[in-house]
Amino acid sequence: VERTLILVKPDGVARNLIGQILARVEAKGYRIVALEQRIADADLLAQHYAEHVGKPFYQPLVDFMSSGPVVAIVAEGHRVIEGFRALAGATDPTRAQPGTIRGDLGRDWGLKVQQNLVHGSDSPESAEREIGLWFSGR
Ligand code: GTP
Ligand code: MG
């Protein structure tokens, strides 16, 4: 079975949405196989967001992601990578469809697109890499 890395970002934790987000993942039938709340340091985030280093939104993204605790989750299920991204909705919460996490729970933060509640790995290679980063030894 496939695995993916999900992050509840600092806005999701601050807004008490961990339970609602996990409930959607579990309702879809995915199994939670690891879960940890932590504050990510710059080093971990630089590795996690390596593909975005140098982009204009990189520093605001890293600042935001280290502004408070995040919940890192490994979820397992048939096609969970694609399936969780469908549950999450479009990157920009103002464009995300109703019925998705970002569409239902995301707020209009103006230019702060990074405050979109969740992260989900985007490919099997990303999932393996990211699970290794956040849960070393698993
Ligand atoms: P993740 O699941 O978090 O990886 O989202 P994504 O795959 O939908 O987006 P992507 O990997 O392209 O970007 C990673 C994160 O960077 C996004 O979730 C946003 O938080 C942030 N981000 C992406 N594009 C922009 C942008 O144009 N402006 C700002 N401010 N943030 C962005
Ligand atoms: Mg991404």
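Leaving out neighbours within four places in sequence, Asn116 is in contact with Thr91, Pro93, Arg102 and Gly106. Contact here means that the C-beta atoms, placed from the backbone, lie within 7 Å. The model is predicted: local features need pLDDT of at least 70, side-chain atom pairs count only at pLDDT 80 or more, and totals for chains, interfaces and linings use all residues. Residues are numbered from 1 along each chain as its sequence is written, while chains are lettered from A and ligands numbered from 1 in the order in which they are written.

Asn116 sits in the loop between helix 6 and strand 4. Helices (H or I, at least four residues) and strands (E, at least two) are DSSP runs, numbered from the N terminus. Arg102 belongs to helix 6, residues 101-105. Its contacts, with neighbours within four places in sequence left aside, include Ala88, Gly89, Ala90 and Asn116. The UniProt annotation "binding site", from an unreviewed entry, covers Lys9, Phe57, Arg85, Thr91, Arg102 and Asn116. Such annotations may be inferred rather than shown by experiment; their positions follow the numbering used here, and feature names are shortened.

His119 carries the "active site" annotation of the unreviewed UniProt entry. His119 lies in strand 4. Leaving aside neighbours within four places in sequence, His119 is in contact with Ile6, Leu7 and Lys9.

The table gives burial. A residue is buried if 20 or more other C-beta atoms, placed from the backbone, lie within 10 Å of its own, exposed if 12 or fewer, and partly exposed in between.

| Residue | Other C-beta atoms within 10 Å | Class |
|---|---|---|
| Arg102 | 22 C-beta atoms | buried |
| His119 | 23 C-beta atoms | buried |
| Asn116 | 24 C-beta atoms | buried |

Ligand 1 is surrounded by Phe57, Pro60, Leu61, Thr91, Val113, Gln114, Asn116, His119, Gly120 and Asp122. A residue is near a molecule if its C-beta atom, placed from the backbone, lies within 6 Å of it. Helix 4 (58-65) and strand 4 (118-120) each supply at least two residues of this shell.

Four strands form an open sheet in the order 2-3-1-4, with antiparallel pairing. Strand 2 (31-38) and strand 4 are at the edges with a single partner strand each, so one side of each has no neighbour in the sheet. Two strands pair if DSSP finds at least two bridges between them. Strand 1 (residues 2-8) and strand 4 pair antiparallel over three bridges. Within this pairing, Ile6 stands opposite Gly120 of strand 4.

Technical notes. Contact = placed C-beta atoms within 7 Å.
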